[in-house]
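Work through the exercises below with the sequence and the 3D structure open beside you. Try each task before reading its solution.

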Amino acid sequence: MDNVLLIGKPNSGKSLLFNQLTGLKQKVANFPGVTVEIKSGSFDNIGLIDFPGIYSLTPLTKDEEIALEKFREAIEKNDVSGVVCILDATRLERSLVIGLQTLNYAKENNVPVIFALNMMDEIQANKSSIDVNSLSRELEVEVVPISAKKKVGLDILKSEIKNMLKSPNDYLPGNVWKGNDVLVKSRELNQTYGPKTDVILKKQNFLDKIFLNNFWGGIMFALIMIFLFQAIFTWATPLMDLVELTLAWMGQVTSSVLPDGVFKDFINEAIFGGVGSFLVFVPQIFILTFIIGILEDSGYMARASIICHKPLSFFGLSGRSFIPYLTGHACAIPAIFAARTIESPKKRLITILTIPLMACSARLPVYALLIAVLIPNKTFFGGVFGYRGLAFFLLYFFGLAVALIVSGLLSKTIKSEADTPYIVELPPYRMPTLIPLVRKSISAAWAFFSKAGPIIFMVTLVVWVLGYFPNGSGNLENSWLSHIGQFLEPIFKPLGLDWKYGVAILASFLAREVFVGTLGTFYGIEGADENIGGLSESIQADGLLPASGFALLVFYAIALQCVSTLAVLKRESGNKMFPIWVFVGYTTLAYVLAFLTYNIVLFFS
Amino acid sequence: MKRPNILWELKEKSQAIIEDLGEKIPAKFQLRLGELGLLKSQPITCLKKTPFNGPILYQVGDGVISLAREVAENIYITRKKNG
Ligand SMILES: Nc1nc2c(ncn2[C@@H]2O[C@H](COP(=O)(O)OP(=O)(O)OP(=O)(O)O)[C@@H](O)[C@H]2O)c(=O)[nH]1
Ligand SMILES: [Mg+2]
């Protein structure tokens with residue numbers, strides 16, 4: 001199969017074009033540095049490879065380094081039949097810099113090149129124009145105007161690609177520019193044939209005056225963040241109730257048809273009680289991804305990163321750490337990869353090591369359950385804010401605060417060479433489109449379910465068997481598990497927790513969500529038939545001390561209970577020992593702070 | 001001797017000509033700044049200062065970039081008369 005490479009400036013629409021041509025679903029978002037790994041796909045039997053965006057053939061950040069290494073390797077090993085270089089028509093000068101460098105490099109290696117001039121819909125919307133023919137003539141390259149978003153010009157691009165593969169010699173670069181000439185020529189070409197910059201930037205500059213206003217900018221940022229975390233709780237509640245009711249109804253139906261016995265107990269207690277209590281949290285993941293998606297697609301992320309630069313610098317980080325930190329609230333793993341765009345190696349390392357403290361979606365079920373147990377469901381400010389939403393927000397804030405303190409300490413201890421400064425290109429503001437956003441959110445919710453689901457099912461199964469036998473329902477205290485659990489009591493007694501919580505915590509080192517499923521199973525076994533009221537009520541009825549509840553929250557906020565994160569940490573930090581230190585460090589810190597919390601709350605209550 | 005004008009002190013909405021990139025900026029970054037449009041004897045406009053004294057937005061060529069103080073302090077400019 002012939003391989004064609006897609007390269008170009010960051011945020012020029014490579015991944016969207018790749019998706020449109022191959023039907024795959026690479027992440028697309030409106031800020032530079034979205035793609036950080038190479039991805040291949042195909043159309044009409046032609047291999048297509050999506051690269052991380054690069055500003056030049058001399059790399060600066062880790063993602064550029066990775067892209068360029070692979071790019072050079074592919075070209076020099078002759079694995080490549082052609083290159084499609086994407087130009088962002090609204091940033092023609094910036095795009096041509098990497099474009100002209102590519103021409104030169106491709107000519108040296110006898111590789112044919114096509115330019116795809118993307119975002120033409122925006123040029124038209126601004127009533128601007130580009131003299132494509134003259135540009136093509138002067139460059140001696142085929143330039144195909146397209147809009148990856150509106151799917152315009154894609155057929156022409158496809159047939160040009162096929163032509164290029166058939167007769168590569170017709171597409172070999174003619175004119176080339178080198179070194180500084182590239183920069184001068186790019187500016188000249190843009191001024192001669194490009195759109196009117198002032199017109200293109202008008203809307204962006206106007207909105208920046210608002211969102212980056214010295215006073216209002218900071219306030220709006222805070223409001224957006226509060227809104228985000230409040231929404232996860234408040235908006236998700238009706239959806240969560242719906243899931244809960246559906247499950248309860250399904251539970252009733254199944255138990256009315258099943259004959260009494262072990263099998264019925266298993267379905268009720270392990271499946272509906274255990275696995276079901278975790279399903280309830282899927283809507284929250286959906287909403288979180290949806291709102292983060294709006295921020296990513298609108299272009300606000302880059303602005304937020306600027307607003308945070310100074311405050312983050314205080315803790316030894318940079319504004320570049322903002323995006324990994326925020327996406328870390330969905331899942332630490334893509335966030336750790338996203339940190340590749342941080343140009344300073346030291347800041348990148350610190351960011352990677354502290355991302356696991358962000359309140360990721362696996363912590364959501366644990367938080368939501370404990371908050372429902374501990375905090376009354378009341379609102380203030382005329383129903384705009386709820387106490388539970390506020391508690392949620394404080395937990396997110398707590399994770400962030402610990403991360404910042406740890407970062408500050410790390411940045412004092414880790415040595416580094418001269419530091420690398422903050423330079424970011426600002427993307428335009430764009431209106432997010434609903435359908436792709438909804439799709440993205442659904443697939444995130446599905447991933448959350450399908451990734452943790454099997455682990456939860458297995459653990460629940462084991463826990464249920466050990467908790468059910470030998471005496472059956474309603475007799476958890478004399479089960480096998482209870483005997484095993486007694487050994488854990490000394491560890492968790494200082495937090496005021498009994499063996500049930502000990503087992504649930506230990507099991508959740510496999511995956512945090514397991515905590516909820518395990519408790520769900522326990523109360524399923526204990527409560528036998530009357531557990532319809534929901535898990536949080538069962539826990540309340542069981543008399544969990546508020547002090548212990550808060551200690552649990554603190555423990556879960558800090559402990560690093562995620563095997564995949566540790567594996568990715570090892571890979572991305574390039575150090576075998578880091579995951580071990582991080583694991584031991586955070587677990588110890590979690591336990592100590594939980595112990596302190598327990599005693600402080602106990603003292604005041 | 002007159003103190004050189006530095007980019008960080010350029011007022012909002014005013015334009016200047018880039019004179020030189022200071023030695024404090026490592027060579028690798030000088031290169032990248034050039035590729036982002038910060039070229040000697042080319043115009044640069046200060047678009048917007050940002051909250052908390054953060055990185056300032058500048059327009060160079062057809063792009064908008066934000067530069068932190070450490071960078072913008074080391075870029076020397078000549079102010080235009082009617083900025
Ligand atoms: N209006 C318009 N927007 C587009 C078009 N193509 C892409 N976009 C938007 O441009 C932004 C960047 O798209 P991506 O496909 O993520 O860009 P990329 O080149 O892969 O970016 P990196 O992976 O960061 O290098 C997204 O917000 C897209 O929706 C287009 O033809 N028209
Ligand atoms: Mg991409």
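The exercises that follow concern a predicted model.

**Exercise 1. The magnesium ion**

Task: Find which protein atoms are donors of the magnesium ion (ligand 2), and state where their residues lie in chain A.

Solution.
- Step 1. The protein donors are OG of A:Ser15 and OG1 of A:Thr35, at 1.9 to 2.0 Å from the ion.
- Step 2. A:Ser15 belongs to helix H1 (residues 14–22) of chain A, while A:Thr35 sits in the loop between H1 and strand E2 (39–43) of chain A, so the pair ties together parts that are 20 residues apart in sequence.
- Step 3. Both A:Ser15 and A:Thr35 are buried.

**Exercise 2. Three acidic side chains**

Task: Decide whether A:Asp241, A:Glu93 and A:Glu572 are buried, partly exposed or exposed.

Solution.
- Step 1. The cut-offs are under 20% relative accessible area for buried and over 50% for exposed, with partly exposed in between.
- Step 2. A:Asp241 is found in helix H10 (residues 236–257) of chain A. Its relative accessibility is 38%, so A:Asp241 counts as partly exposed.
- Step 3. A:Glu93 is placed in helix H3 (residues 92–108) of chain A. Its relative accessible area is 2%, so A:Glu93 is buried.
- Step 4. A:Glu572 is part of helix H26 (residues 563–573) of chain A. With a value of 9%, A:Glu572 is buried too.

**Exercise 3. Contacts of the two glutamates**

Task: Leaving aside neighbours within four places in sequence, list which residues are in contact with A:Glu93 and with A:Glu572.

Solution.
- Step 1. From chain A, A:Glu93 touches A:Ser186, A:Arg187 and A:Asn190. From chain B, A:Glu93 touches B:Gly37, B:Gly61 and B:Asp62.
- Step 2. One of these, B:Gly37, follows helix H1 of chain B and has a positive phi, near 110°. In that helix (residues 27–35), the buried residues include B:Phe29, B:Arg32 and B:Leu33.
- Step 3. The contacts of A:Glu572 are A:Ile336, A:Phe337, A:Arg340, A:Arg348 and A:Ile352.

**Exercise 4. A sheet with strands from two chains**

Task: Give the strand order of the open sheet of 7 strands and name its edge strands.

Solution.
- Step 1. The order is E9(A)-E5(B)-E4(B)-E3(B)-E2(B)-E6(B)-E1(B), and the pairing is antiparallel.
- Step 2. Strand E9 (423–425) of chain A and strand E1 (5–6) of chain B are the edges, as each pairs on one side only.
- Step 3. Within the sheet, E2 (residues 15–21) and E3 (residues 43–48) of chain B are joined by 3 bridges in the antiparallel sense. B:Gln15 has B:Thr45 as its bridge partner in E3(B).
- Step 4. Helix H8 (residues 197–211) of chain A lies across E3, E4 (56–60) and E5 (63–67) of chain B, and runs at about 175° to E4(B).

**Exercise 5. A helix pair**

Task: Describe how helices H17 (residues 363–374) and H18 (residues 387–413) of chain A cross.

Solution.
- Step 1. The two axes come within 10 Å and cross at roughly 135°.
- Step 2. An angle over 145 degrees would count as roughly antiparallel, and one of 65 to 115 as roughly perpendicular. H17(A) and H18(A) are therefore oblique to each other.
- Step 3. The crossing of H17(A) past H18(A) is right-handed.
- Step 4. On the H17(A) side, the residues that meet H18(A) are A:Leu364, A:Tyr367, A:Ala368, A:Ile371 and A:Ala372. Their counterparts in H18(A) are A:Arg388, A:Ala391, A:Phe392, A:Leu395 and A:Tyr396.

Definitions and conventions:
Residues are numbered from 1 along each chain as its sequence is written. Chains are lettered from A and ligands numbered from 1 in the order in which they are written. This is a predicted model: local features need pLDDT of at least 70, side-chain atom pairs count only at pLDDT 80 or more; totals for chains, interfaces and linings use all residues. Side-chain values use heavy atoms; hydrogens and water are left out. Helices (H or I, at least four residues) and strands (E, at least two) are DSSP runs, numbered from the N terminus. Buried means under 20% relative accessible area, exposed over 50%, partly exposed in between (1.4 Å probe, protein chains only). Donors are N, O and S atoms within 2.8 Å of the metal (3.2 Å for Na, K and Ca); water is not among the atoms, so sites may look incomplete. Contact means heavy atoms within 4.5 Å. Two strands pair if DSSP finds at least two bridges between them. Axes are lines fitted to C-alpha atoms, for helices over the stretch in contact, and angles run from 0 to 180 degrees between N-to-C directions. Angles under 35 degrees count as roughly parallel, over 145 as roughly antiparallel, 65 to 115 as roughly perpendicular and the rest as oblique. A crossing is left-handed if the near helix is turned anticlockwise from the far one by less than a right angle, and right-handed if clockwise.
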